[in-house]
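Work through these exercises with the model open. Try each task before reading its solution.

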Amino acid sequence: MKADPILNKAALLAKKRFYEEALKILKEEEDRYYGSFKYYYLYAVISLYSGSFAEAHEYFNLARKIKIKDPQTMLGQAVLYLRRMNTGQAVEYYLNVQEMEPKNRIAKKALAVIRKYSASEALSDWLSFDRLKKLFPAIPSAGIETKKAVNTIIVLSLVLLVSYGVLTIINILPNPFRNRNQRPAADFILTPQERGNPVQVDGFYRYILTRDEAVSLYDNALNLFTSYRDEAAKININRILESNASEGLKNRARHILDNMEVPGFDNFNRRDNPSYSDVKDETIIYRDVHVIWRGMATNVEITNEYTRFDFLVGYDTRRTLEGIVPVIFYSPVAINIERPLEVLGRIRLMPTYSEIMLEGVAIHQSGRLEN
């Protein structure tokens, strides 16, 4: 954990088994750490050790919405499923952890326990708190003191600068400070033939592009993609895919799509966040684009397999309703219908192409949204 006075204090208290004091400190600062994976994970794992399993479940879910493939978070969720005798879900999580970390000792031990005590009565007898505790993910270590951290960083930075400066001059190591905010573009650059024949003349298309427009749209999409602005790039790509662009150009565009990442609240580029009215005006070009919209939830339906609700977009202020969008999460999600929420979701087109729904990625609710 990076040096953070509040999170460090809570971690230190938890290490000393003062769990309630640690949770009190964290709870008082919930709004400060809105959208922080480290905060949610720390709160969840301390709750786990304190025996507050409901809160642990809630905060592990919040953490995983930000980092869906974090092994430690999955270990926390898995042990909660195991405690509830939901061995099928627990095994799935432990196997996922093993796939990411083949030598993970907790996952290996948990799977051995489940195999050994496969009968429900035997497993129930085994599941005491002290035994379960051996399967808990570790409480994160507190960071070092700020002054010491600064001195350490300065020394390490000087060493790295000198080392890399010398080694890059003699071409032994690549320079890590060059284009560090850019994805490599080499695999996506158009060939001379693709650039020379970017459109086709036969057929019916939603958009008709000139040669220059087709190439310009692709180049712009590639520039956005290499700058990690995936959602803005998708808009250009969707226009290409619905146009008279050549199959070669469309295949290149699809290749870019295949290499995009699912964003979280922590890395979503909000300057590329289209409004509800933007999407309604031209739904087709926003297909599969991720958005973060605020509003309220109504008609909520939660099962073990999914969560559905109608999202009142823009109604977080209780003054303006921009529209109503169906939302589905393919997992149970805790929602307070009395409070505003932000939904991070992928835009899906309904069969008519004139209506949309959101496939949920993550939800954020906190008192901060009330303001």
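**Exercise 1. Leaving a helix**

Task: Find the residue with positive phi that follows α5, and give the angle.

Solution. The model is predicted. Step along the chain past α5 to Met 85. Its phi is positive, near 65 degrees.

**Exercise 2. The length of α5**

Task: Check whether the end-to-end distance of α5 agrees with its number of residues.

Solution. Start with the count: α5 has 13 residues. The expected span is 1.5 Å times one less than the number of residues. For α5 that should come to 18 Å. Now take the end C-alpha atoms: they are 18 Å apart, so the two values agree.

**Exercise 3. Cover on α5**

Task: Decide whether α5 is mostly covered or mostly open, using under 20% relative accessible area as the cut-off for buried.

Solution. Count the buried residues: 11 of the 13 in α5. The helix is mostly covered. Next, name them. The buried run from Thr 73 goes on through Met 74, Leu 75, Gly 76, Gln 77, Ala 78, Val 79, Leu 80, Tyr 81 and Leu 82. Pro 71 is buried too.

**Exercise 4. The largest nonpolar core**

Task: Identify the residues with the most contacts inside the largest nonpolar core, then trace which elements build this core.

Solution. The core has 54 residues. Ile 46, Leu 82 and Tyr 94 have the most contacts inside it. Eight helices, α1 through α8, are the elements that give two or more residues to this core. The largest share, 11 residues, comes from α3. Now look around Tyr 94. Beyond its neighbours within four places in sequence, Tyr 94 is in contact with Leu 75, Ala 78, Val 79 and Leu 82, among others. Its partners also include Ala 107, Ala 110, Leu 111, Ile 114 and Leu 135. Another core, of 26 residues, lies apart from the largest one; Ile 235, Val 279, Val 289 and Leu 349 are among its members.

**Exercise 5. Two pockets**

Task: Describe the largest pocket and the second largest pocket by volume and lining.

Solution. Take the largest pocket first. It holds about 1,000 Å³ of space. Of its 34 lining residues, Arg 64, Ile 68, Tyr 330, Ser 331 and Val 361 are the closest to the centre. The lining divides into 12 nonpolar, 11 polar and 11 charged residues. α4 supplies the largest share, five residues.

Turn to the second largest pocket, with a volume of about 360 Å³. Its lining has 17 residues; closest to the centre are Glu 58, Leu 62, Ala 334, Ile 335 and Gln 365. Here α4 gives the most, six residues. The lining divides into seven nonpolar, five polar and five charged residues.

Terms used:
Residues numbered from 1 in each chain as written. Predicted model: local features only at pLDDT ≥ 70, side-chain atom pairs only at ≥ 80, totals over all residues. Heavy atoms only, no water. Core = buried A, V, L, I, M, F, W, Y, C linked by side-chain atoms within 4.5 Å. Buried < 20%, exposed > 50% of the residue type's maximum accessible area, 1.4 Å probe, protein only. Helix = DSSP H or I, 4+ residues; strand = E, 2+ residues; numbered from the N terminus. Contact = heavy atoms within 4.5 Å. 1 Å grid on protein atoms, 1.4 Å probe; cavity = no way out; pocket = protein on both sides within 12 Å on 5 of 7 lines; lining within 4 Å. Points joined across faces, edges and corners; volume = space filled by probe spheres on them. Nonpolar A, V, L, I, M, F, W, Y, C, P; charged D, E, K, R; others polar.
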